[in-house]
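Colleague: I should like to go through this structure with you and ask, for each term you apply, what it rests on.

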There are 2 protein chains.
Amino acid sequence: MNQGLIRLNATILSCGTAVGGKEKEGPLGEGFDLCDPDGRFGQKTWEGAESEMQRLALNVALKKGACKESDIGVLFAGDLLNQCVGSSYGLLSFNIPYLGLYGACSTCAEGLLLSSVLVSYGVYPRCAAVTSSHFCSAERQYRTPLEYGSQRAPTAQWTVTGAGAFLVGDAKINHVGALSAKITRALPGIVCECGIHDAANMGAAMAPAAADTLLRFFKESCTRPADYDAILTGDLGFEGGDILLDLMRAEGVDMTEQYADCGCLIYERKKQDVHGGGSGCGCSAVVLGGYLLPRICSGEWKRILFLSTGAMMSPDSLKQGQGIPAVAHLLELEYAGGVRVYE
Amino acid sequence: MNQGLIRLNATILSCGTAVGGKEKEGPLGEGFDLCDPDGRFGQKTWEGAESEMQRLALNVALKKGACKESDIGVLFAGDLLNQCVGSSYGLLSFNIPYLGLYGACSTCAEGLLLSSVLVSYGVYPRCAAVTSSHFCSAERQYRTPLEYGSQRAPTAQWTVTGAGAFLVGDAKINHVGALSAKITRALPGIVCECGIHDAANMGAAMAPAAADTLLRFFKESCTRPADYDAILTGDLGFEGGDILLDLMRAEGVDMTEQYADCGCLIYERKKQDVHGGGSGCGCSAVVLGGYLLPRICSGEWKRILFLSTGAMMSPDSLKQGQGIPAVAHLLELEYAGGVRVYE
């Protein structure tokens with residue numbers, strides 16, 4: 001029985017990305033649309049800067065997709081800030097119905113999954129998904145204010161300063177200028193908690209959730225890693241990525257050749273001093289927009305799996321002695337053929 | 001042009017509610033399934049108690065709906081706590097795919113809307129929506145720890161201690177024992193911010209969002225208040241409810257006869273000392289489950305409009321001088337006929 005796999009027929013119409021200086025200087029820097037080197041985006045607060053990145057990213061996506069606000073049926077958005085204020089303030093100026101998400105760093109895939117469902121099943125012709133994270137707003141909320149200069153653990157990850165916005169359309173409609181990338185299947189994740197209590201090792205907390213979703217997907221879809229050109233997780237980082245490969249191998253699935261993690265790709269590990277790799281809602285969003293989609297749209301990759309991984313704890317829940325629950329949502333992305341050059 | 005209205009064909013299969021002592025003592029007390037008079041639900045922390053209410057409510061809904069975990073395609077859940085930990089920990093024990101929401105107090109309608117879309121369009125035969133709030137966890141997060149004994153403003157609302165869980169099924173399938181209530185249409189809200197900065201007057205911040213959604217609904221559906229037996233908002237309270245009626249009247253829509261607010265219904269205003277009325281994600285959820293659904297299922301009400309209203313700020317965003325953004329999602333609920341007695 002097909003327990004959770006959703007068949008989709010959605011086209012990615014466009015995307016917009018905005019990042020900070022560190023992300024621009026990293027190996028994928030050229031792929032991002034907008035950058036403010038000091039990460040302030042003209043705002044007085046870090047939270048305001050994060051909101052502004054979302055606004056800018058969605059504006060870029062609307063412009064690239066040649067869409068007006070009224071073309072978008074509904075907007076899915078969320079972020080890491082308490083009460084998701086990055087999204088609620090950032091997208092306030094858009095006259096588009098808004099459904100807020102909280103999936104921690106899984107938000108990019110969650111928003112794309114729900115957008116793809118709504119367009120594939122004919123609810124709306126077009127939907128949008130937006131998410132963000134900001135190093136400075138995340139550090140002071142989850143860890144300590146930057147001014148303290150706290151020392152970072154080797155497994156600690158670096159929250160990506162970045163926002164990604166995606167317009168998704170019903171593939172049965174001819175959208176002029178749509179990208180050559182389709183979302184063909186999706187599998188929502190099940191929350192699991194495997195006894196990790198260390199907020200400086202979120203990769204270890206999230207790896208079991210990614211393994212669970214991948215194993216369910218391969219089983220339900222009767223596919224295997226070799227059927228894919230690449231298998232990407234959102235922000236397991238170096239530590240979590242190794243654990244995921246081990247967990248999969250223990251279940252008889254070797255995906256060493258196909259596997260990479262957005263958090264490992266976005267920075268140069270040693271040169272940029274990022275310890276465990278990148279993380280945050282913005283990590284998988286900007287890597288998808290700035291690096292993965294161009295490779296799909298060019299036909300270099302015909303079919304990939306993309307998972308955003310989220311750690312669903314709060315600073316308070318950890319202080320209260322709870323473990324870190326995690327979730328991973330999966331999307332199957334395919335080259336749609338045609339001649340559309342990614343811009 | 002139909003800009004946002006979604007036609008649905010979803011049946012409410014069952015619901016479960018869990019509340020604290022104050023809610024049980026209120027005028028709707030008899031309608032709730034479970035109660036712990038001291039609101040602790042056997043847990044050491046208020047956050048833990050909130051999670052436990054969600055777990056209990058979903059268990060009741062599964063039992064009443066004669067459903068196993070594997071019958072549910074996906075679970076939509078969210079709450080008011082930072083990073084929505086009420087939901088992520090509360091529902092951790094269920095082996096059901098999880099899509100997290102953040103809609104503040106609009107979460108009940110948001111979860112039901114998305115559940116109804118997925119079942120009506122044939123993605124899954126059944127979905128579930130769960131939400132909660134807890135007076136004690138909300139007070140210390142949004143205002144001050146209870147031990148401070150802070151004085152409350154006259155317009156301040158009382159966060160409902162309660163959780164509601166709903167199973168929703170595709171109405172084209174014969175679900176044995178389904179309730180006689182259908183979700184027939186929905187309209188997602190647009191976030192708006194009208195200059196209210198006072199966290200002790202959230203009704204005023206949310207009323208314009210409710211008015212916007214209602215006016216769009218009446219226009220797009222070509223209906224008027226007299227077409228409905230009742231029009232319910234989630235938690236505008238006494239202040240916000242009056243403002244909503246004024247805003248609607250200013251647009252030529254009089255709904256005085258049909259209108260009520262869940263936050264005004266759940267407590268006895270003076271006897272229970274609740275100032276502005278009830279609020280919180282749990283408010284509209286338990287009033288829907290414990291009071292509105294029974295009246296629909298008995299045929300007393302043939303058709304109602306139900307809106308959950310959410311204020312999307314954070315304590316930090318208010319300290320940074322921002323106004324309160326708000327959103328209201330609307331559902332049209334109808335008596336489904338038949339003989340099913342609500343239990």
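Modeller: The discussion below takes up the two copies, their contact, the domains, a pair of helices and several single residues; please bear in mind throughout that this is a predicted model.

Colleague: What makes the two copies related as by a two-fold rotation axis?

Modeller: In general, two copies of a chain are related by a rotation about an axis and a shift along it. Here a rotation of 180° superposes chain B on chain A, with 0.0 Å of shift along the axis and an RMSD of 0.0 Å. The two copies are therefore related as by a two-fold rotation axis.

Colleague: Which C-alpha of chain B is nearest the axis?

Modeller: The C-alpha of B:L101, which is 2.0 Å from the axis.

Colleague: How do you know that the copies meet through the same surface?

Modeller: Of the interface residues of chain B, 100% are also interface residues in chain A, so the copies meet through the same surface. Chain B contributes 47 residues to the contact, and chain A contributes 47 residues. On the side of chain B that touches chain A, at least two residues each come from β3 (74–79), α3 (85–90), β4 (98–100), α4 (107–120) and α10 (315–319) of chain B.

Colleague: How do the residues on that side of chain B divide by class?

Modeller: The side of chain B that touches chain A has 26 nonpolar, 17 polar and 4 charged residues.

Colleague: Within chain A, what are the domains, and what separates their centres?

Modeller: The domain assignment of chain A gives domain 1 (6–170) and domain 2 (186–335). Taken over C-alpha atoms, the centres of domain 1 and domain 2 of chain A are separated by 18 Å. Their contact draws 45 residues from domain 1 of chain A and 51 residues from domain 2 of chain A.

Colleague: Which element gives the most to the side of domain 1 of chain A that touches domain 2 of chain A?

Modeller: That element is α4(A), with 7 residues. By class, the side of domain 1 of chain A that touches domain 2 of chain A comprises 24 nonpolar, 16 polar and 5 charged residues.

Colleague: Why are α4(B) and α9(B) called oblique to each other?

Modeller: Two packed helices are described by the angle between their axes and the distance between the axes. For α4(B) and helix α9 (residues 281–297) of chain B, the angle is about 60° and the axes are 7 Å apart. Angles under 35 degrees count as roughly parallel, and 65 to 115 as roughly perpendicular. An angle of about 60° falls into neither class, and α4(B) and α9(B) are therefore oblique to each other.

Colleague: Which residues make this contact?

Modeller: B:T107, B:C108 and B:A109 take part from α4(B), and B:C281, B:S284, B:A285 and B:L288 from α9(B). The contact of α4(B) with α9(B) has 5 nonpolar, 2 polar and no charged residues.

Colleague: At what angle do the axes of α4(A) and α9 of chain A cross?

Modeller: The axes of α4(A) and helix α9 (residues 281–297) of chain A cross at roughly 60° and come within 7 Å. That makes α4(A) oblique to α9(A).

Colleague: Why does B:G237 count as buried?

Modeller: A residue is buried if 20 or more other C-beta atoms lie within 10 Å of its own. B:G237 has 33 C-beta neighbours inside 10 Å and so counts as buried. B:G237 is found in helix α7 (residues 237–250) of chain B. Leaving aside residues up to four places away in sequence, the residues that B:G237 touches include B:Q157, B:D261 and B:S279.

Colleague: What makes B:N174 count as exposed?

Modeller: The cut-off for exposed is 12 or fewer. B:N174 has 8 C-beta neighbours inside 10 Å and therefore counts as exposed. B:N174 lies in the loop between β7 (162–170) and β8 (181–187) of chain B. The C-alpha atoms of B:N174 and B:T11 are separated by 9.7 Å, although the two residues are 163 residues apart along the chain.

Colleague: Why does A:A66 count as partly exposed?

Modeller: Partly exposed applies in between the cut-offs of 12 and 20. With 14 C-beta neighbours inside 10 Å, A:A66 therefore counts as partly exposed. A:A66 is placed in the loop between α2 (46–64) and β3 (74–79) of chain A. Phi of A:A66 is near 50°, a positive value in a residue other than glycine.

Terms used
Residues are numbered from 1 along each chain as its sequence is written. Chains are lettered from A and ligands numbered from 1 in the order in which they are written. This is a predicted model: local features need pLDDT of at least 70, side-chain atom pairs count only at pLDDT 80 or more; totals for chains, interfaces and linings use all residues. Two residues are in contact if their C-beta atoms, placed from the backbone, lie within 7 Å. Helices (H or I, at least four residues) and strands (E, at least two) are DSSP runs, numbered from the N terminus. Ala, Val, Leu, Ile, Met, Phe, Trp, Tyr, Cys and Pro count as nonpolar, Asp, Glu, Lys and Arg as charged, and the others, Gly among them, as polar. Domain bounds come from an automatic or database domain assignment. Copies are superposed by least squares on the C-alpha atoms of residues with pLDDT of at least 70 in both. Axes are lines fitted to C-alpha atoms, for helices over the stretch in contact, and angles run from 0 to 180 degrees between N-to-C directions. Angles under 35 degrees count as roughly parallel, over 145 as roughly antiparallel, 65 to 115 as roughly perpendicular and the rest as oblique.
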